[in-house]
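Work through these exercises with the model open beside you. Try each task before you read its solution.

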Amino acid sequence: MLAAVMRIMANGSVAAKKWSLSALVTPHERSKQIDDYLKDEGSRYKQYMKKTIRLLLVGAGESGKSTVVKQMKILHKGGYTEEERRSFIQVIHNNIRESIITIIHAMSTLKPAEKLANPSLQPAADYVRTNATSVNFDISEDFWDIVKSLWSDDGVQKCFLRANEYQLIDSAKYFLDKIDDVREPNFLPTDQDIVRTRQMTRGVLETHFVMKNINFHMLDVGGQRDERKKWLQCFPDVTSLIFVVACSGYDTVLREDTTKNRLQESFELYGNLWGNRFLQDTSVIIFLNKQDILALKVTSGRTKLETYFSDYKEYTPTSTVAPVESPFFCCVQESRKAKQRRRESAFPALDIFESRELFKAKCYIRDRFLEKSVHKSNQSSFTRRCYPHYTCAIDTENIRHVFDSTKDMVQRMHLDKLGVVRY
């Protein structure tokens, strides 16, 4: 028997060799081998988890979670290849088509309705309403001409300024202003084009990257209500939650529920997550996102926070100088604190700088989240914390600065949860 097995091992296939070895092992020994294998795999997994920081991006729909993931690829994974950039061309085309369709449709549904300033463009508007909405619609040169002429119409522009009254993607103006570039045959999306694209996230998307010898595993989940039931599967072994909120959504409603204010939905969603028993040992980083759009809205004065949140009018910020945003900053010098605050309060690349009213709006939204971030000492020995940061996800430098400042803090959270250190 032994000689026969040796001949099979010498001349047979890999499968035959495995069969021959298993034939020499008793069921008890085989069971022990499986137990040892599982034990080794468990040990390897634990070692992997000790060296890996898992970040779960959550938040309501269209808050900017996927944009943060795109920035991580740009900053820490070598950016996008030419082939990957070309794959976004169709996405940009779809964003432009959807934007102009949405605006033209809204012109007749808004109350009061908006009319074209140039009546001769009515056939172009009718073409967008009927032909461009077709599932199999092919974008042609004529379509680009029609969109460009409509976008330059004063009536269309007035409708666009009322975008908070209907559902329009944030990047609509950005791409409609770039029609001449996008329509070129050799058009290749830039980093800014890519981070501005809008695609609804379905399921759970995973991104791995290394930052200063630290392994990061970032999970991006859909934010619409029907996607949130999938979040639970991501809670185990999470180092920290990154809750992304669109601060500019104070005057808009949800796409899936037109009776619900977007910012109010974020307040309530955050409260539910903070109270979730599966996350009682998980601290939260809040990205108070879309500061650029918030600044534009506050500056224009077209819509006011107190119209949607009655307590805002009587609200007074805790200080006239932006306060330190987390306990992490207690271990760095004041100059570094001030520098970080400036980086998170102004976006030079976007020509946006903080005004007194913008500061009040930012602080109000931040404090509403901090009010919900109450740690109950009897929950566990782990002291939960909330770390708010002002972000503009389309600004690569802003995300670089914010993520750099949170990296050490997240690493401390990770070691704290493992019981290596306490802070």
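Helices (H or I, at least four residues) and strands (E, at least two) are DSSP runs, numbered from the N terminus. This is a predicted model: local features need pLDDT of at least 70, side-chain atom pairs count only at pLDDT 80 or more, and totals for chains, interfaces and linings use all residues. Residues are numbered from 1 along each chain as its sequence is written, and side-chain values use heavy atoms, with hydrogens and water left out.

**Exercise 1. Find the helix that holds I34, and classify I34 as buried, partly exposed or exposed.**

Step 1. I34 sits in helix 3 (residues 27–51).

Step 2. Recall the cut-offs: buried means under 20% relative accessible area, exposed means over 50%, and partly exposed is in between (1.4 Å probe, protein chains only).

Step 3. The relative accessible area of I34 is 42%, so I34 is partly exposed.

Step 4. I34 also joins Y37 and L38 in a nonpolar patch on the surface, with about 310 Å² of accessible area together. Accessible areas come from the Shrake-Rupley method with a 1.4 Å probe; for residues, only the protein chains shown count as cover. Patches take residues with over 30% relative accessible area and no salt bridge; like charges are joined within 9 Å, nonpolar side chains (Val, Leu, Ile, Met, Phe, Trp, Tyr) within 5 Å.

**Exercise 2. Explain why strand 1 counts as largely enclosed, and name the strands it pairs with.**

Step 1. Count the buried residues. In strand 1 (residues 52–58), 7 of the 7 residues are buried, so the rest of the structure largely encloses it.

Step 2. Check each face. T52, R54, L56 and V58 are buried on one side; I53, L55 and L57 are buried on the other.

Step 3. Look for partners. Two strands pair if DSSP finds at least two bridges between them. Strand 1 runs parallel to strand 3 (residues 214–221), with 6 bridges. Here R54 stands opposite H217.

Step 4. Strand 1 is also parallel to strand 4 (residues 240–246), joined by 4 bridges. In this pairing L56 stands opposite L241.

**Exercise 3. Work out where the buried residues of helix 7 lie around its axis.**

Step 1. List the buried residues of helix 7 (residues 122–130): A124, A125 and V128.

Step 2. Look down the axis. These buried residues fall within an arc of 100°, so they line one face of helix 7. The arc is that of the directions from the helix axis to the C-beta atoms.

Step 3. Turn to the face away from the buried side. It carries the exposed residues P123 and T130.

Step 4. Find the cover. It includes helix 6 (89–109) and helix 8 (141–151); contact means heavy atoms within 4.5 Å.

**Exercise 4. Trace the salt bridges of E84 and E141, and say which parts they link.**

Step 1. Start with the rule. Side chains of opposite charge can pair when their charged atoms come close. A salt bridge is a side-chain nitrogen of Lys or Arg within 4 Å of a carboxyl oxygen of Asp or Glu. The whole structure has 25 salt bridges.

Step 2. E84 meets K73 at 3.5 Å, N to O. E84 is in helix 5 (residues 82–87) and K73 is in helix 4 (residues 65–76), 11 residues apart.

Step 3. E84 is partly exposed at 28%, whereas K73 is buried at 18%.

Step 4. E141 bridges to R183, with the closest N and O atoms 2.8 Å apart. E141 lies in helix 8 and R183 in the loop between helix 11 (179–182) and helix 12 (191–196), so the pair ties together parts 42 residues apart in sequence.
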